[in-house]
Amino acid sequence: MKDQDYILFEEFLSGNLSKDANNSFENSLKNEDDFKQAFETYKKLSRLLAHKFENEDKQASFQTNLKNISDTYFNKKEPTKKVIRFKPWQYAMAASIAIFIGIYWYSLFSIPTYGDFANFNEISLTVRGGENELLTKAENSFNNKNFTEAETYFTQLLSIESENQEFKLYKAISGIELNKFTEAEVLLKQISKGNSVFKSSANWYLALSKLKQKDYKTCSEILKRIPSDAGDYKNAQKLLKKL
Amino acid sequence: MSEKKIHVDQKYIDGLLQNNSFIIQAIYDKFAPKVINYIKKNGGDSDKAQDVIQETLVTIYNQASQKKLQLTCPFDAYFFLLCKRKWLNELKKNTHNEVTINDEVLSIDDDAIELSFETSLFGEKQTLFNEMFQKLGTACKDLLKATFKIKSMEEVANSLNVSYAYARKKKSLCIGKLTQLVQESPKFNQLKY
């Protein structure tokens, strides 16, 4: 194509040609393949140029954004290793915290045992200056946790005073310690049915007897019967919670 | 084409066109791994995959912004085919040896093949156009830029300090030169420009 042809293309596209020139131009499009092909290409390129420059800014911001996202994505494939190093004391601290938490949870959720709750105070049966040898022996052996002996002495004492509720209670406790549950429980039930000051204690130890036998259900039921004014109420509630 | 149902994945095309970072990110997260995997298996590496994906997305963006690009197939298949074709062309360009390709079996519908072919062709035409534009002299580039940005030829003439008639004539000749360059390129017939 000659320069003149390109000038003609532009004039035609802008609609600046005279009627005659326009007709002649359309004739050339119909009859001359080269002319037609050059014109079509010129037209397409004009459109591309228009689009290119009109959208230059948008295109640039798209490409920048795309590059950023692409770089981020591909860098992620080889992640920078972030290692936080602990100092030795931090390990020690973490370990002790873990141990404390462990113990706490263990104590909170572990199954309670008889040993956790069977804490008896020392008993005092002898009246000051009293000379009852059997009573002293019973007291000492009980306080020294020699329950086999204690049980024998309390049996002897009961043969003298069969309705002494206190003797019955200590004989029962000794019995529980010796795993003589049936005997012990018979005594405790007798006490709990009476009206002595040992009534609620009897229930408490009855519950402990069941606990020692791992009969948790009966244990709970007995504990619930211990009134709030009883000496062992606090312990009873504590045990109930754990059960 | 217009009778066909637009696929829901058109959202990815629209998102690209709107330069929506969220969508672009999603395209990478969802569709890039398959392409990266393919390129790595076929003689490329992560860097090559990054270029192929980025160039492909630019092509899709350009096509969508110049013509209405309506997706009638899943974006996954369309995008994968485009990247694959681009990578194969890259391999052909750089190696004279026979390229063995581990072709993966893809469940691809005809729409995906047709659409991705159109986009590839569009991309190659765009590349040819850009290459030839760069071959123009600085005076032509500046004039064309001014012409299409300012639109009023009087203002263009003023800004370039030339007469109105000269500006008009020069515009025709510059586009004429570009036309000539494009037509003379060996790719011209190949691409049915």
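The exercises below concern a predicted model with chains A and B.

**Exercise 1. The interface**

Task: Describe the contact between chain B and chain A by residue count, buried area and polar pairs.

Solution.
1. Start with the residues: 37 residues of chain A are in contact with 45 residues of chain B.
2. Turn to area. About 3,900 Å² is buried between the two chains, and carbon and sulfur atoms give 62% of that area.
3. Count the charged pairs. There are 4 salt bridges between chain B and chain A. One of them joins Lys149(B) to Glu56(A), with the closest N and O atoms 3.0 Å apart. The cut-off for such a pair is 4 Å, so 3.0 Å qualifies.
4. Count the polar contacts: 12 residue pairs between chain B and chain A, both residues at pLDDT 80 or more.

**Exercise 2. The chain B side**

Task: Which helices of chain B each supply at least two residues to the side that touches chain A, and what is the make-up of that side by class?

Solution.
1. The helices are H2 (21–41), H3 (46–66), H5 (110–135), H6 (138–150) and H8 (164–184) of chain B.
2. H8(B) gives the largest share of this side, 12 residues.
3. By class, the chain B side holds 21 nonpolar, 16 polar and 8 charged residues.

**Exercise 3. The cores**

Task: Locate the largest nonpolar core and name the residues that touch the most other members.

Solution.
1. This core has 43 residues. Those touching the most other members are Phe142(A), Phe154(A), Leu188(A), Trp204(A), Tyr205(A), Leu208(A) and Leu223(A).
2. Assign the core to elements. Two or more residues come from each of a set of chain A helices, among them H7 (133–143), H8 (147–160), H10 (181–193) and H13 (233–242).
3. H11(A) gives the largest share, 7 residues.
4. Take Trp204(A) as a worked case. Beyond four places in sequence, Trp204(A) is in contact with Phe117(A), Leu223(A), Ile226(A), Asp232(A), Asn235(A), Ala236(A) and Leu239(A).
5. A second, separate core has 41 residues, including Leu66(A), Leu71(B), Trp87(B) and Leu91(B).
6. As background, nonpolar side chains in soluble globular proteins tend to be buried together.

**Exercise 4. Three residues by exposure**

Task: Is each of Phe75(B), Glu139(A) and Asn235(A) buried, partly exposed or exposed?

Solution.
1. Buried requires under 20% relative accessible area, and exposed requires over 50%.
2. Phe75(B) has 0% relative accessibility, so Phe75(B) is buried. This residue is found in helix H4 (residues 75–94) of chain B. Leaving out neighbours within four places in sequence, the contacts of Phe75(B) are Asp9(B), Tyr12(B), Ile13(B), Ile27(B), Phe31(B), Ile60(B) and Phe80(B). For Phe31(B), 44 residues away along the chain, the C-alpha separation from Phe75(B) is 8.6 Å.
3. Glu139(A) has a relative accessible area of 11%, so Glu139(A) is buried. Helix H7 of chain A contains Glu139(A). Beyond four places in sequence, Glu139(A) touches Ile123(A), Ser124(A), Leu125(A) and Thr126(A).
4. Asn235(A) has a relative accessible area of 32%, so Asn235(A) is partly exposed. Asn235(A) is part of helix H13 of chain A. Not counting residues up to four places away, Asn235(A) touches Phe117(A) and Trp204(A). Phe117(A) is 118 residues from Asn235(A) in sequence, with a C-alpha to C-alpha distance of 7.7 Å.

Definitions and conventions:
Residues numbered from 1 in each chain as written. Chains lettered and ligands numbered in written order. Predicted model: local features only at pLDDT ≥ 70, side-chain atom pairs only at ≥ 80, totals over all residues. Heavy atoms only, no water. Contact = heavy atoms within 4.5 Å. Buried area = accessible area lost by both parts, 1.4 Å probe. Salt bridge = Lys/Arg side-chain N within 4 Å of Asp/Glu carboxyl O. Polar contact = N/O pair within 3.5 Å; in protein donor to acceptor, adjacent residues only side chain to side chain. Helix = DSSP H or I, 4+ residues; strand = E, 2+ residues; numbered from the N terminus. Nonpolar A, V, L, I, M, F, W, Y, C, P; charged D, E, K, R; others polar. Core = buried A, V, L, I, M, F, W, Y, C linked by side-chain atoms within 4.5 Å. Buried < 20%, exposed > 50% of the residue type's maximum accessible area, 1.4 Å probe, protein only.
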